[in-house]
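Here are a few short exercises to work through with the structure open. Try each task yourself before reading its solution.

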Amino acid sequence: LLLSGNALGAKDSTYYPTGKWNPNIKDRMYWHDSLDVITDLDRFYKLYVVYENCAYSPFGSPANDDENLDYEALWYMGSTQKFRANVAFSLYGVLKGDRDHGCSQKTFINSFFTNYGVQTFV
């Protein structure tokens, strides 16, 4: 299962700059990024992936794809950001030791979209 190609933040407070705090730390079902869910996969008894829709959004990631997302370049100089069809999806999970409530408000983790096209969504 390959999810979002973007891993900018984590479930903990290190995602926010000094002096700011993550209001979602107390929410035990919140993960900022889909890759963080994969990192913590051993905490889950079940994981539900729900396809939401197609999302026409930027292709690539500013963290590792300067060719597609060159924010320093001027758009009118031929360096426009590339857009592709991506997949919007939601993750629901059941933590080990919890009862399975299926896809519900109790098990909702977060909604995401892929960065490298529909082929990265399995």
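**Exercise 1.** Find how many bridges join β2 to β3, and which way the two strands run.

*Solution.* In this predicted model, β2 and β3 run antiparallel and are joined by 5 bridges. To see one pairing, start at serine 90: its bridge partner in β3 is serine 111.

**Exercise 2.** Now turn to strand β1 and work out how many bridges join it to β2.

*Solution.* Begin with β1, which covers residues 44-58. This strand is joined to β2 by 13 bridges, and the two run antiparallel. As an example, look for tyrosine 56, which stands opposite alanine 85 in β2. Next, check how covered β2 is: of its 13 residues, 10 are buried.

**Exercise 3.** Locate cysteine 103 and describe its surroundings.

*Solution.* First, the place: cysteine 103 sits in the loop between β2 (83-95) and β3 (108-113). Second, the neighbours: leaving aside residues up to four places away in sequence, cysteine 103 touches Tyr48, Val50 and Tyr92. Third, a distance: leucine 91 is 12 residues from cysteine 103 along the chain, and their C-alpha atoms are 8.5 Å apart.

**Exercise 4.** Is cysteine 103 buried, exposed or partly exposed? Do the same for cysteine 54, then count the disulfides.

*Solution.* Partly exposed lies between the 20% and 50% cut-offs. Cysteine 103 has a relative accessibility of 42%, so it counts as partly exposed. Cysteine 54, at 47%, is therefore partly exposed too. For the count, a disulfide needs two cysteine sulfur atoms within 2.5 Å; by this rule there are 0 disulfides.

Technical notes: Residues numbered from 1 in each chain as written. Predicted model: local features only at pLDDT ≥ 70, side-chain atom pairs only at ≥ 80, totals over all residues. Heavy atoms only, no water. Buried < 20%, exposed > 50% of the residue type's maximum accessible area, 1.4 Å probe, protein only. Helix = DSSP H or I, 4+ residues; strand = E, 2+ residues; numbered from the N terminus. Contact = heavy atoms within 4.5 Å. Pairing = 2+ DSSP bridges.
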